[in-house]
Amino acid sequence: MREVIALEKTEKSKTGALSLFTLVTLAAGQVIGAGVVSTTGVAIAKTGSSVWLAYGAAVLLGLLLVFPVALFSSVVRFKGGNYAIVSSLLGEKWGGIYSLCYWLTLLSGSTICSALGSYIHAIFPMISIKLGGTALITVFYVLNLFGVKLMAGAQRIMTSILVAALLLFSIVGFGHLSPNAFDFSHPDFITNGTSGFLTAVVLLLGSCIGHSLVSAFSYNALKPKRDIPLAMFIASGIILVLYMAVSFVAGNVLPVSEVAGKPLTLVAKSILPGILYPLFIIAGPMLALCTTANSGYPSMTAPVHAGIRDGWMPKALAKTNKHDMPWILYTIKYILNVGPVLIGFNLQQLLGNLVMITNALKILVILAVFMMPKKFGEHWKKSWLYMPNWAFYPLMTICLVAQLAVIYLSSKTVPLSLIIMNIVVGILLVGYALYRYYTKKTSVNPIYSFED
């Protein structure tokens with residue numbers, strides 16, 4: 001591995017401005033997305049009113065899966081998100097493969113754009129879905145071009161309102177529970193046995209792991225080695241309480257047969273009177289999408305931007321503006337987010353077909369962190385999360401097995417044609433990474449420092 005680039009103190013004073021509270025709002029806002037609104041009803045269809053237990057299990061499993069990132073974040077201050085983890089611990093080639101494959105995640109924002117447009121259209125019918133969604137995504141695109149501080153300030157406000165809205169839904173909902181809410185022997189409690197419960201856990205897991213992306217702000221944090229892992233843990237606690245409370249209400253107010261497969265808004269409409277319902281739609285589902293869209297620009301582009309900087313794609317794409325924001329890359333993400341909505345193309349279907357590749361990237365991160373005691377031994381021993389090898393390696397093995405199990409369970413229903421499609425696209429991306437590497441078009445220098 002080539003010599004690393006040290007983070008200069010002058011750079012830290014310029015960009016290191018994010019407090020623990022801000023990092024928590026970034027982590028919580030990133031992880032609380034559309035899933036809690038749309039997926040809860042789907043999970044109820046799989047396991048009945050026990051969905052709140054499935055959500056609790058999903059949050060704890062999600063914490064286990066993001067724990068390797070937390071461990072690495074407690075050792076170094078770094079730039080580039082998970083790309084820095086993979087390239088610094090596994091090596092250049094693997095980092096390049098990670099960065100190139102991670103481009104696929106930039107496609108996901110089109111779903112947020114269309115969902116936001118749908119909510120706006122429902123409240124203001126005169127505004128079309130295309131116009132409403134594109135307008136809000138444009139706001140966050142422009143906001144992010146003006147630097148991390150402005151984006152983080154907006155995130156603090158939106159996340160605080162979002163959490164309050166979900167708490168309001170839960171508190172009001174507890175006053176409308178059905179008589180069978182605490183009857184765990186009721187036929188509606190676990191409707192499809194253990195297999196249905198596990199299926200629900202896997203379905204809900206997608207809305208329980210996004211807080212790991214807060215590691216992309218390590219470079220911007222005041223005390224990253226302490227606060228980045230803490231932000232992940234605190235966000236896990238927040239969503240554990242919120243998700244279990246919200247899903248308990250969702251599965252125990254109306255009959256299971258009525259809410260199975262339906263969005264959370266159905267229950268909200270039945271328990272929130274008058275103006276409270278439209279206010280909840282704005283402060284709940286809409287802000288859940290907004291917080292994900294807002295923080296998604298820096299957190300989701302970090303591995304791609306760092307890879308471009310190191311030559312895995314033309315370096316011109318990595319250009320930044322005076323606020324140190326990669327404006328070309330942000331513009332590409334913006335076009336990928338609003339373009340499909342404007343032309344009516346279902347980009348999310350394509351992304352869903354390639355999700356096996358993005359899931360495989362999580363294995364690379366875990367395998368990389370396996371190498372941390374050997375590569376960063378003395379610095380690892382100074383971490384506040386340090387544990388001896390007899391505890392570290394079994395824990396990391398559990399994380400790896402859990403991630404492999406999640407990938408296996410989530411791919412059981414994937415048709416053979418889509419598996420072949422993932423393999424073909426994966427081979428092409430890996431092949432391109434190896435081409436860039438062996439033709440010496442890359443100059444990999446993971447940016448990290450062991451100083452806070």
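How much area does the protein chain expose, and what share of it do carbon and sulfur atoms supply? Show the surface: about 18,600 Å² is exposed, with 70% supplied by carbon and sulfur atoms. Those areas come from the Shrake-Rupley method with a 1.4 Å probe, and for residues only the protein chains shown count as cover.

Before moving on, remember that this is a predicted model, where local features need pLDDT of at least 70, side-chain atom pairs count only at pLDDT 80 or more, and totals for chains, interfaces and linings use all residues. Residues are numbered from 1 along each chain as its sequence is written, and side-chain values use heavy atoms, leaving out hydrogens and water.

Next, switch to cartoon view. You'll find 21 helices and 2 strands in the protein chain; these are DSSP runs numbered from the N terminus, with helices being H or I of at least four residues and strands E of at least two. Zoom out, and the C-alpha trace spans about 65 × 55 × 45 Å along its principal axes. Of the 452 residues, 55% count as buried, meaning under 20% relative accessible area (1.4 Å probe, protein chains only).

Now select G147. This residue is in the loop between α8 (129–145) and α9 (148–173). Is G147 buried or exposed? G147 counts as buried because its relative accessibility is 6%.

Add H323 and M325 to your selection: G147 is in contact with both, leaving aside its neighbours within four places in sequence. Contact means heavy atoms within 4.5 Å.

Last stop: P326. This residue is 179 residues from G147 along the chain, yet their C-alpha atoms are separated by 9.9 Å.

Definitions and conventions. Buried means under 20% relative accessible area, exposed over 50%, partly exposed in between (1.4 Å probe, protein chains only).
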